[in-house]
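Got your viewer open? Load the model below and keep the selection box handy.

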Amino acid sequence: MAILKLLSEEVFDFSRGEMTQQKIKELKQSLNSEFRLIHELCLYVLSISQRPELIRATLATLHAFLSWIPLGYIFESPLLDTLLNLFPAAAYRNLALQCLTEVAALNFGDFYDAQFVKLYTFFMAQLQNILPPGTNIPEAYANGSTEEQAFIQNLALFFTSFYKSHIRVLETTPENRAALLMGLQYLISISYVDDTEVFKVCLDYWNALVSELFEAHHSSDNPAATANVMGLQIPLLSGMVDGLGSQITQRRQLYAGPMSKLRMLMICRMAKPEEVLIVEDENGNIVRETMKDNDVLVQYKVMRETLIYLSHLDHEDTEQQMLKKLSKQLNGEDWTWNNLNTLCWAIGSISGSMMEDQENRFLVTVIRDLLNLCEVTKGKDNKAVIASNIMYVVGQYPRFLRAHWKFLKTVVNKLFEFMHETHPGVQDMACDTFLKIVQKCKRKFVVVQVGEAEPFVSELLTGLATTVADLQPHQIHTFYESVGHMIQAESDPQKRDEYLQRLMELPNQKWAEIIGQARQSVDYLKDQDVIRTVLNIMQTNTSVALSLGTFFLPQISLIFLDMLNVYRMYSELISSSIAEGGPFASKTSYVKLLRSVKRETLKLIETFVDKAEDQPHIGKQFVQPMMDPILGDYARNVPDARESEVLSLFATIINKYRGVMMEDVPRIFEAVFACTLEMITKNFEDYPEHRLKFFSLLHAIATYCFRALFALSSQQLKLVMDSIIWAFRHTERNIAETGLYLLLEMLKNFQISEFCNQFHQSYFLTVEQEIFAVLTDTFHKPGFKHHVHILQHLFCLVDSGALTQPLWDINALGLTAYPSNTAFVREYTIKLLGTSFPNMTVTEVTQFVDGLFESRNDLSSFKNHIRDFLVQSKEFSAQDNKDLYAEEAAAQRERERQRMLSIPGLIAPSELQDEMLDT
């Protein structure tokens with residue numbers, strides 16, 4: 001028996017990827033013809049033998065064979081009856097159940113439907129004797145032996161496998177329906193078992209069932225779609241539509257009871273969403289979460305989707321169950337941290353699935369009750385849990401807050417209260433929630449609301465110092481960013497500038513004080529505490545620039561020149577420290593702190609340039625003063641003291657101001673090009689940040705200031721091309737991708753320039769050879785899409801007639817060696833690939849190259865042609881090639897997103913990137 005079991009596993013389970021499909025098929029056929037003997041042997045043992053060990057071994061063997069043997073051996077022999085008769089015996093229960101689960105999962109049309117119904121009803125009758133319907137399954141599981149726990153797991157697998165394939169058959173007669181509902185009740189009870197794996201099995205099925213019921217309900221307005229859901233591929237007549245509608249209604253009624261219980265299950269077991277930072281640790285203390293648990297986040301997504309479908313199927317029931325559970329929290333009957341958490345996570349997760357008036361009614365009750373609960377509950381930990389839940393729920397319902405100013409004001413003031421609460425995690429969550437709410441409701445804070453004397457933003461700025469008094473620096477930065485969003489929504493320039501000046505009053509006072517002291521004695525700036533304060537002021541400015549954009553101009557103008565002087569001074573300090581102390585000096589805390597100020601200064605300027613819209617003069621007025629303090633400083637510094645942010649700052653400036661920057665490009669090149677290349681071409685590892693940002697800068701120049709490259713000497717252009725080739729050879733994915741983007745941009749621009757022939761005579765063959773090298777070496781699969789685009793560009797270019805000079809070496813071969821560039825490139829490519837793939841015949845390689853020329857004008861067939869060639873080659877055949885299909889996978893993800901957008905609530909309103917009509 002053991003040998004037979006191993007044989008089945010060896011051939012069918014472990015052979016994937018090792019044996020060809022043809023070989024597996026032949027083995028299956030020969031085993032199928034032999035299987036009659038195996039089948040007879042198994043049945044004989046099961047019906048005659050008295051030895052438990054032998055029976056168990058036989059069941060294990062059967063389990064290995066059941067998924068692929070001919071169905072006749074299962075349904076037209078006593079096998080099922082034998083298994084069902086063994087099922088009640090405790091010694092064989094789990095193995096018999098595993099065999100029955102394999103059978104339940106078989107799905108080959110409706111030919112054996114009657115046998116499946118018989119199997120299910122007989123099974124249910126026996127199950128009631130083993131596990132009476134009223135049993136508290138979670139409790140039984142918690143106290144059970146390993147065997148008993150395995151039985152519950154196997155039971156979950158049996159039910160979910162059976163229902164996935166055959167639930168329709170059980171909906172036909174009243175007796176079958178009664179057995180189906182009883183089975184669903186068992187599965188709901190099993191779903192409460194405190195075991196992650198068991199719950200995953202159940203949740204996976206509930207999600208599938210609910211989404212199927214929802215799709216039928218959702219498309220009942222569209223009968224043709226419904227016919228497909230119901231599995232009826234037939235043209236519909238008007239009389240049938242009514243019949244179909246009533247069929248859907250009956251089906252919903254049939255499942256109404258289980259669905260209601262399922263809602264309660266989802267509410268009671270809701271997983272923790274990402275925004276919640278406050279958790280209970282293993283000692284029962286409330287603490288700030290330190291690490292994200294990805295399994296929990298995946299589970300939350302599935303549960304959220306399931307609950308949204310359930311909510312659409314019956315909004316009333318969803319609302320009633322949630323409010324009933326909330327009232328039990330209030331009266332203390334059901335109060336625990338976990339009960340309140342799961343309930344509030346469930347309430348937050350169905351945001352967007354209700355009609356607006358129903359959502360308003362529901363939330364007025366929820367928020368009022370939660371605020372009351374916060375008032376009446378004593379104890380620091382209890383208050384932290386309630387605070388975290390209030391914050392999570394209000395952050396999920398921006399539409400409600402925008403429509404109800406009183407609630408919005410109450411909620412924001414409550415958040416300000418929480419900002420003084422020193423319990424771990426509460427302040428972070430309060431600042432994050434404040435930012436989230438302001439982004440969606442910013443207009444509400446700058447207009448005078450009914451019953452108010454002034455806009456809320458003005459009131460807030462008056463009490464700013466008190467509000468942020470207990471916050472940490474990083475929390476203050478989030479707070480300032482939020483207020484920046486409010487100010488940005490003010491349309492009157494005068495008020496806007498006044499608000500900005502009031503917001504920045506505290507940091508500006510401190511800044512003026514520091515600069516004043518520095519004018520008297522420059523050494524004042526060298527004190528570590530002063531450096532930290534400067535860093536903090538810069539970070540606060542960056543946060544406001546991020547949300548205010550163009551309107552940050554008055555503030556940055558105020559500090560800009562002083563800021564550059566501080567930058568220059570700190571840079572000289574760093575260089576002298578590294579010059580004196582050697583490379584290790586760059587690792588000291590003092591130098592790291594100084595560099596943080598430099599980086600933050602660069603980040604501030606970059607953020608402002610990036611966010612300031614349509615103001616080319618702004619950029620120009622800031623670029624000139626930066627040339628020496630920032631660019632000159634970069635060139636003068638030792639490599640370890642050069643900030644990679646300089647490169648990304650100038651990339652942002654060029655991306656933003658485009659051709660206006662043309663005359664500055666030579667200076668930028670002169671300052672950063674040679675010295676950065678020297679740093680990054682020694683090996684593939686050093687200075688990873690500089691690598692990526694250097695190529696981003698080159699990409700910006702090639703895209704918007706391309707003509708500046710014509711001013712380079714041929715030696716400099718060769719350096720540029722070498723560095724690009726060097727970039728896309730990199731195994732670091734984002735560096736390779738930046739290199740490929742840049743290369744394609746260069747090729748396109750040179751094609752339409754007057755230097756087309758010279759450039760391609762120098763670089764065409766090199767580029768082709770290098771791209772084929774990375775395309776076929778199996779280390780650069782993620783770049784497949786770009787490799788294909790570049791090769792297609794080269795093959796189209798050769799055939800387009802744009803190249804009027806020969807690509808081959810005229811001195812060695814003469815002017816007439818080839819009739820055309822196309823003929824030369826064809827022969828060159830065949831030789832190139834012939835040497836790279838010695839195991840392929842010349843005919844195969846020639847066929848491939850001819851195919852490239854034939855399909856060059858159609859990107860998708862060109863791509864498929866290359867992909868087929870790679871998959872056939874030995875190097876790729878034994879590997880995971882999913883990266884070659886990345887584009888198709890991305891298209892599939894976009895289709896799924898569009899489907900989700902069509903169902904209200906599936907994408908949370910707080911995640912939608914709209915201004916949400918904030919008027």
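Here is a walk from the whole chain down to single residues.

**Before you click**

This is a predicted model, where local features need pLDDT of at least 70, side-chain atom pairs count only at pLDDT 80 or more, and totals for chains, interfaces and linings use all residues. Residues are numbered from 1 along each chain as its sequence is written, and side-chain values use heavy atoms, with hydrogens and water left out.

**Stop 1: the whole chain**

Start with a cartoon view. You should find 43 helices and two strands; these are DSSP runs (helices H or I, at least four residues; strands E, at least two), numbered from the N terminus. The C-alpha trace spans about 100 × 90 × 65 Å along its principal axes.

Now colour by accessibility. Of the 919 residues in the chain, 52% are buried. Here buried means under 20% relative accessible area, exposed means over 50%, and partly exposed is in between, with a 1.4 Å probe and protein chains only. As for contacts (heavy atoms within 4.5 Å), take those between residues at least 6 apart in sequence: 74% of them join residues at least 24 apart.

**Stop 2: the largest nonpolar core**

Select Phe123, Phe159, Tyr163, Trp206 and Met746: these have the most contacts inside the largest nonpolar core, which has 289 residues. A nonpolar core is a set of buried Ala, Val, Leu, Ile, Met, Phe, Trp, Tyr and Cys residues joined through side-chain atoms within 4.5 Å. Add helix 28 (residues 553-581), which gives this core its largest share, twelve residues. In soluble globular proteins, nonpolar side chains tend to be buried together.

Zoom in on Trp206. What is Trp206 in contact with, leaving aside its neighbours within four places in sequence? Show Leu184, Leu187, Ile188, Ser191, Leu262, Leu265, Met266 and Thr306, and you have the set.

**Stop 3: two aromatic pairs**

There are 45 aromatic pairs in the structure. Rings of Phe, Tyr and Trp (its six-membered ring) pair if their centres lie within 6.5 Å; planes under 30 degrees apart count as stacked, over 60 as edge-to-face and the rest as tilted.

Select Phe159 and Tyr186 for a stacked example, at 6.2 Å centre to centre with 20° between the planes. Phe159 sits in helix 9 (residues 146-166) and Tyr186 in helix 10 (residues 174-191), 27 residues apart, so this pair links distant parts of the chain. Phe159 is buried at 0% relative accessibility, and Tyr186 is buried too, at 4%.

Next, pick Trp405 and Phe456. This pair is edge-to-face, 5.9 Å centre to centre and 75° between the planes. Trp405 belongs to helix 20 (residues 405-418) and Phe456 to helix 22 (residues 456-462), so the pair ties together parts that are 51 residues apart in sequence. Trp405 counts as buried at 11% relative accessibility, and Phe456 is buried at 3%.

**Stop 4: the largest pocket**

Switch to a surface and centre on Ala271, Lys272, Val296, Asn338 and Trp345. Of the 26 residues lining the largest pocket, these are the closest to its centre. The pocket has a volume of about 700 Å³.

A note on terms: on a 1 Å grid over the protein atoms alone, a pocket is an open set of points where a 1.4 Å probe fits, with protein on both sides within 12 Å along at least five of seven lines, and lining residues have an atom within 4 Å of a point. Points are joined across faces, edges and corners, and the volume is the space filled by probe spheres set on them.

Which element gives the largest share of the lining? Helix 16, with four residues. Other elements that give two or more residues include helix 11 (196-218), helix 13 (238-269) and strand 1 (278-280). By type, the lining divides into eleven nonpolar, six polar and nine charged residues. Ala, Val, Leu, Ile, Met, Phe, Trp, Tyr, Cys and Pro count as nonpolar, Asp, Glu, Lys and Arg as charged, and the others, Gly among them, as polar.

**Stop 5: two positive phi values**

Go to Arg658, in the loop between helix 31 (644-657) and helix 32 (665-680). Arg658 is not a glycine, but its phi is positive, near 50°. Arg658 is partly exposed at 43% relative accessible area.

Tyr687 lies in the loop between helix 32 and helix 33 (688-704). Tyr687 also has a positive phi, about 50°, without being a glycine, and is partly exposed at 22%.

**Last stop: Glu770**

Finish in helix 36 (residues 756-776), where Glu770 sits. Is Glu770 buried or exposed? Buried, with a relative accessible area of 15%. Beyond its neighbours within four places in sequence, Glu770 is in contact with Ile725, Phe728 and Arg729.
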